[in-house]
Amino acid sequence: LPLENAPKPACTGAYLCMAGAYGEHMKALAREVLDNYEVDGLFFDIMGLNIPCVCDTCVSEMKASGYAVEDIRSVSAFAVERRKKLFGELRDMVLAKGPALTVFFNSGGAEINKPEYWQYFTHFEMENLPTKSAVGYDAIVNRSKFFRELGKPVYGMTGKFHTEWGSSAALSIPRHSWGNAPPWLPTVCAVISGISFIQTGK
């Protein structure tokens, strides 16, 4: 089938390794933005804080650093350290342009159970989506209360979500109510609906 007529999944994606060429590409993109535009900061989305990697680059680095590539705990520990290294490089790059700039690495908002990454954030963001139970609006109070005690600004982040990652409608609608619409339709609108940021006060 021609690409435009090929079946499309409702929502899909792939995490790319941050240890190799893609990590260097991310740094090059960040440098380009910082060098050519006046920005208030950089927001790095979908950073996959829980995802280990066993690509050739990571396996080579693991072996050279003494990690056991056959042990998932060792592989996961390496992934954390490799990600922290990249976060540190990106954070330093941003703050070198000005100490008032902000930087945040998103993975469903700031995570309470991932304190090893907090040092790389200039602030904390709460990603709360009305139609996703794990990070729904009911999670705002506890998460924001927890992070407000850590001495950094806390911001709320939300959006209008439909049945998958994003849409231009305000309410969640069961997929069956779309009738004969293609299953990927709710997703194509993505962030067009707009994401709003609100500072949570004490």
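Start by selecting Cys58, Glu61 and Met62 in helix α2, then add Val75, Phe78 and Arg82 in helix α3: these residues meet. You are looking at a predicted model.

Stay on this contact. By class, four of its residues are nonpolar and two are charged, while polar residues are absent.

Now widen the selection to both helices. Take residues 56-65 for α2 and residues 72-96 for α3. Their axes lie 11 Å apart and the packing angle is about 100°. An angle from 65 to 115 degrees counts as roughly perpendicular, so α2 is roughly perpendicular to α3.

Next, show the whole protein chain as a cartoon. Look for five helices and five strands. Trace them along the sequence and the pattern reads α-β-α-α-β-β-α-β-α-β.

Switch on the contacts. Among those with a separation of 6 or more, 59% join residues 24 or more positions apart.

Turn to the surface. The protein chain exposes about 11900 Å², and carbon and sulfur atoms supply 58% of that area. Of the 202 residues, 36% count as buried.

Finally, colour by pLDDT. The mean for the protein chain is 76, and 69% of residues reach 70 or more. Select residues 167-179: pLDDT stays under 50 there, and the model has 32 contacts beyond four places in sequence for this stretch. Then select residues 181-202. Here too the pLDDT is below 50, with 45 contacts in the model beyond near neighbours in sequence. Where pLDDT is low, predicted coordinates should not be read in detail.

Conventions. Residues are numbered from 1 along each chain as its sequence is written. This is a predicted model: local features need pLDDT of at least 70, side-chain atom pairs count only at pLDDT 80 or more; totals for chains, interfaces and linings use all residues. Side-chain values use heavy atoms; hydrogens and water are left out. pLDDT is the predictor's confidence in each residue, from 0 to 100. Contact means heavy atoms within 4.5 Å. Axes are lines fitted to C-alpha atoms, for helices over the stretch in contact, and angles run from 0 to 180 degrees between N-to-C directions. Helices (H or I, at least four residues) and strands (E, at least two) are DSSP runs, numbered from the N terminus. Angles under 35 degrees count as roughly parallel, over 145 as roughly antiparallel, 65 to 115 as roughly perpendicular and the rest as oblique. Ala, Val, Leu, Ile, Met, Phe, Trp, Tyr, Cys and Pro count as nonpolar, Asp, Glu, Lys and Arg as charged, and the others, Gly among them, as polar. Buried means under 20% relative accessible area, exposed over 50%, partly exposed in between (1.4 Å probe, protein chains only). Accessible areas come from the Shrake-Rupley method with a 1.4 Å probe; for residues, only the protein chains shown count as cover.
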